[in-house]
Amino acid sequence: MIEANHIGVRKSGRWILRKAGVQVRAGELIALIGANGAGKSTLLKAVAGEITPDEGAVAINGRALAAWPGTDLAQVRGVLSQSVELPFSMPVLDLVEMGRYPYQGQEAAAHTKAIARNCLQQVGLQGYEERDVRTLSGGEQQRAQLARVLAQVHRDQPSQERFLLLDEPTASQDIAQKQQLLSLLRKLADEAGLGILTILHDLNLAMQYADRVVLLRGGHLLKSGPPETVLTPEGIAQGFGVKARVVHPPGEAHPHILTCPTAVGLFQNEETAIP
Amino acid sequence: MLTLLLAISALCALLIGAYSLPVQQVGLVMGEQLLGLEAGLPQTLSYLVWDIRLPRILLSVFVGGGLAIAGAAVQGLFRNPLADPALIGVTSGAMVFAVAGILFSASVLGVIGSWLGYATVTVMAFTGSLLTTFLVYWLASSKGYTSVVTMLLAGVAITALGGALTGLMTYFSDEDELRDITFWTLGSLGGANWQMLALLVPLVLLPAIILWRQSSQLDLLLLGEREAAYTGVNTQRTKWIVIGCAALIVGACVAVSGVIAFVALVVPHLVRLIQGPRHHSLLLGSALLGGLLMVWADTAARTLIAPAELPIGILTALLGAPFFIWLLLKTKRSL
C-alpha cells in the first residue's frame, strides 16, 4: 500500500501543495484529477520520491520512502513521466529491456528479452521491436515508455505489492487508444494486482475506469472517493470552475460528463478563476 | 572483430616507419625479447623495434582507446552527442599547468622541476586536468546534487579562463619556451617509452574498466536523470564515477601526449552508428576503435613527412573534422 498523508511542498517560499494525500492499495486504479496548476504532478512526484515533501511523509508497503534502497524501490513501483526524450537512436526492444535494470545480474538475458517482448505486446507495439524509438509517433513513444515501466515492475512470482505512478499516460493517444490504454490499466489492476495512481485529464475516462478519484484544487485536496461521488456537477464546478452536466445514457454502465462551453468564458487570472 | 583488426594494425605499424622493416626481423626481435631466443640481431634493430616503436604503438592504443571511451561515457552522461571531455575543463586545465611547467620548471618550480626532470610537464598537466575537473564539478554541485547543465556551463567558463591564462603565459615566454608550448599543444606520441607506459596503462585501464561497469547506469541516464533515478540508479554516484574516471583517463592521456583533438568526439559517434547507443558495446567498441585509429594516425604522423614528424594533434583534427562534417551531413535527417 502507498500511503501519502498531509503532503506539503513549498517552492520559492510558496506552498504549491498543502495537506494533500492519497492512499493506493494493491489492485486499485486511482485517478488524480484537477485543473492545471492544482498540484497533481507535484503530488505524483512526491509519491514517486522525486520531490521530498516539506510536510508529511510517503510510505510504500509500510516503509518510508527514504528508507528504501534504490533498486528495491524500483522493483515495487514504476513511474511514467509525461514525456521522455532520447538523445540517440535506439531499438524499441532495447528501451524496454532497460527497464529491467533493478534485476541486473539476477536473471538471464533471454528472460529479460522475453519479459520485454511481453510488455511490448501488452501496450500494442508487437512488431515494433527493432524500430528506432525516435521514428515512432508521440503516442507510440509514450506506450513504448509505458512498456519499459511495466517491464520494471514485472515479477513472475510477486512477493510484494507493486505500484504504477503515471503522469498523463493518455496525453498523445487517440480516442480508441485512450480506451485501450485505460482497459490495460484496469486489467493490470484486476489481474496482476498492481496499484495504479494516474493523472487523467479526461473526466469521462476517470468515471469509466477508476475505483476512486482524487480531486485537487489550488494545491489542496478538494474531494476524494468513488467517481460518482466526486465527479458531480458541484465537484466539477468547484474543481475546474466549469459548469457541467452528468447524464445517465440508457444502457450505459457509467454516467457521462458533459461540459457546457458557454459557461467558461475567456481565460481569467488565477485569483479570480479559483473562488 | 575490432580486437583482431587492432592487433593486426599494431603489427603492421611495427613494420612501417621512416625505416621500414621486414616482418621476419620484427618477429625475431619479439622472439628475442619475449622468449629469450638468441637471434644475433644488431643492437640498433632490436632497439628500434623494442624500445622505440613498440612502446609508441602501445601508447597510441591506450591514448586513443582511453580518449574514445572517456568521450563515449561523457556523451552518455551529458545526453549530448557533442559533448567531449574537453568540455568539463580537463584539457584546458592540463594546458595551463603544462605551459606553466614549461615556463617555470627552471625557476619557481626549481626544486620539484629538478627532481622530476623531464617528467615535470607531464606531472603538471595531469595535476592540472584533475584540479580543473574537480573545480568544475564543485562549481556545479550544491546540497549534494550536481547539475549536469551547470557542469557544462562551468566547464565552458573554466575553459575560457584556461585559454586566457595559457595565452598570457605564452605571450610572456621566450623563443625556446614558445616552441615547446606549441609542440605540446599540437600533441605527439613521440616521447613514448616503457616507463611512461607503466604509468599510463593503469591510469587508463582501471578507470576504463570502472566506466564499463557503469554501462547499464549510463544507458538509463540517456532517458534523463529523473527516469534513471526512478529505475533505481544512484544518479549522483554515477555522475561522480563517470566524471572522475573520464578525468583520470583524459588527464593521463593529455599529460603524456599533449592535446589530441577529435578522437573523443568522433569515435563514439562512429561506434554508435554501427552498434547503437547501449553502453556495454559502445564503450568497448569505442576503446578498440579509438586505439585502432590512433595507431594508424600515429603511423601516418611519423611516416608522411619522414624523417620529420607531423604533430599527431594536427593530423587527427585535419582528418577528424572533415570526417565529422561528412557524418553530420549524412545523418542530418536523423539528428
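The dialogue below shows how to read a few features of this predicted model.

Visitor: What should I know about the numbering and the cut-offs?
Guide: Residues are numbered from 1 along each chain as its sequence is written, while chains are lettered from A and ligands numbered from 1 in the order in which they are written. Since this is a predicted model, local features need pLDDT of at least 70 and side-chain atom pairs count only at pLDDT 80 or more, whereas totals for chains, interfaces and linings use all residues.

Visitor: Which strands stand at the edges of the sheet β2-β1-β4-β5 of chain A?
Guide: Strands are DSSP runs of E with at least two residues, numbered from the N terminus, and two of them pair if DSSP finds at least two bridges between them. Here the open sheet has antiparallel pairing, and β2 (14-24) and β5 (63-64) of chain A each have a single partner strand, so one side of each is left without a neighbour in the sheet. Seven bridges join β1 (residues 2-11) of chain A to β2(A), with Lys11(A) opposite Arg14(A).

Visitor: Are the faces of β9(A) covered or open?
Guide: A residue is buried if 20 or more other C-beta atoms, placed from the backbone, lie within 10 Å of its own, exposed if 12 or fewer, and partly exposed in between. In β9 (residues 212-217) of chain A, six of six residues are buried, with Arg212(A), Val214(A) and Leu216(A) on one side and Val213(A), Leu215(A) and Arg217(A) on the other.

Visitor: How does β9(A) pair with β10(A)?
Guide: β9(A) and β10 (residues 220-225) of chain A run antiparallel over five bridges, and form a hairpin with two residues between them, where Gly218(A) in the turn has a positive phi of about 55°.

Technical notes:
Helix = DSSP H or I, 4+ residues; strand = E, 2+ residues; numbered from the N terminus.
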